[in-house]
Structures are given as structure tokens and as C-alpha cells.
Amino acid sequence: MSLVQVEGLSVRYGTKTVLSHVSLHVDPGEIVTIVGPNGSGKTSLLRAIIGAVKPLKGRVTQGPGVKIGYVPQRLHIDETLPITVMRFLKLPGGVTPANINDALSQAGVPDLAGAQLSRLSGGQFQRVLLARALIGKPELLLLDEATQGLDQRGSASFYKQIEQVRQETGCAVLMISHELHVVMSASDRVVCLNGHVCCEGTPAVVASAPEYRALFGTGTGGALALYRHEHDHGHDHGDHSHTEAAE
């Protein structure tokens, strides 16, 4: 049974329809990535899944008792606020230090509990947000362009951590990414969104679809060729030529 099922979802803000008849599902343990141009409704889709946006039509169904962890695109914290990572992760309560230390270890930053939140680098802060999402031991992790603002190395490192989290916990991942090379290397399925679902399937199927090419240009063909080459030969997906071809 799917962890989450989206059926015929339409979302409107005022007179503007941002999503129209969108359907998708996420099954246990899989990584599904949503790609699409700016304004294509990607964030609205995630917000509808967590219940922060009310659909105009359609419905979102979660499996019985499914726990969801959410890593937002950004979170604004007052830089003058003297708060440690441990204290931040204890909000809103009911969390033990042991839970927090486990989550920080899973997020790849086991030594940050005593650090001041305001002094963290962008990459460290995103890892703390990931830890916050992992504290509840979710079966489904939602990531809304969680590497925005990170450099290429920081971004690649973050996504490797996500793959490790999946291996360790078995949780499924639904993520929005603007980094096409990440999609090629890390996803089981890709959903291409532009107000509606343009195409979906394995990375290879989506990258060769005319709808995908129309949105992202012919440069993505290079990413697909490299994806196939590296996939077939088991090479490291962090290769720089792979990254540059995809951007």
C-alpha cells in the first residue's frame, strides 16, 4: 500500500490555478523526485500533502498511521536569538536528548548538539533541519529544495546523506530538486510537473520524454547520456562532468 496517494489534485490561489488534476503516489522505501520550472506548483504540492494547503479538487490519502517528516526550503531564525541546536530540536517538547542525538547522527552532524544555531553554516543548518524531520522516525521524508543556497559540494553531500538515511531507516523520500544531475543519480522515479504532471517514470524514461526536453532544453540529453554510462558501468555519480552536463 502507498504511504501517500494524491488523486486529481487541483490547487488555486485566488483566481490562479497552480495545480490541475495532479495524481501521484509514493510507496514504502522509494525515492521520488519532483522536477519542474519555477512556478510549476512543486511547493504547493508538498504543502497540500502535509495539509498546509486546502485543495480545490481531488484528495490526498495517507496510509494508516504514516508519519511524515518535512524539511522546508528555508527557515528564518533571528540571528540574535541565543539558542543551541539541542534546545531548538527540543521544541515544541516531548523529545528526549537521546532522540535528538540519534537524529543528529542520522543527519551526519553528531557533534552539533551544543552549537549555537546562529553560528552554523548553511549546510550545517540544513542538516539540523533534516535531524528535526527525522526525530519522529518518519516513514516518509518530504524535502522542499532542501539544498537551495548550498554550493555544489554541500548539495551533493546532503543528498548522499539522504540516500544513507533511506538505507538505514527504510523511509521513503519525496523531494523537490532543481538539480537535474541529482535526479538522475538518486531517484527511483521522477515526476515532471508544470501545473500538471507532464511525464513520470524512471529517470531514463523521463529524461528522454519530449515534455521534459521542452521544459529543460536539450542540455539534459547530456545528463541522460552520462547517467546511462555511469549507471551501466557503476561509476561514481558525484563526477563533476556529470554535474556540469546536467546544469
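These notebook entries record what I looked up on strand pairing and on cysteines in this structure.

**Entry 1. Model.** I worked from a predicted model.

**Entry 2. Strand 1 with strand 2.** I began with strand 1, which covers residues 4–13, and strand 2, which covers residues 16–26. I found these two strands paired in the antiparallel sense, with 7 bridges between them. I then looked up V11 and noted L19, in strand 2, as its bridge partner.

**Entry 3. The hairpin.** I turned next to the connection between strand 1 and strand 2, a hairpin with 2 residues between the strands. Here I recorded a positive phi near 65° for G14.

**Entry 4. Strand 1 with strand 4.** I checked strand 1 against strand 4, which spans residues 57–62. These strands also run antiparallel, and I noted 5 bridges joining them. For V4, I recorded Q62 in strand 4 as the bridge partner.

**Entry 5. Disulfides.** How many disulfides does a search of the whole structure find? I noted 0.

**Entry 6. C192 and C199.** Why is there no bond between the sulfurs of C192 and C199? I found that the cysteine sulfur closest to that of C192 is in C199, at 4.3 Å, which is too far for a bond. A disulfide requires the two sulfur atoms to lie within 2.5 Å, so the pair does not qualify. Looking from C199, I likewise recorded C192 as holding the closest cysteine sulfur, at 4.3 Å.

**Entry 7. Burial of the two cysteines.** Is C192 buried or exposed? I entered C192 as buried, because its relative accessibility is 0%. I entered C199 as buried too, with a relative accessible area of 11%.

How values were computed
Residues numbered from 1 in each chain as written. Predicted model: local features only at pLDDT ≥ 70, side-chain atom pairs only at ≥ 80, totals over all residues. Heavy atoms only, no water. Pairing = 2+ DSSP bridges. Helix = DSSP H or I, 4+ residues; strand = E, 2+ residues; numbered from the N terminus. Buried < 20%, exposed > 50% of the residue type's maximum accessible area, 1.4 Å probe, protein only.
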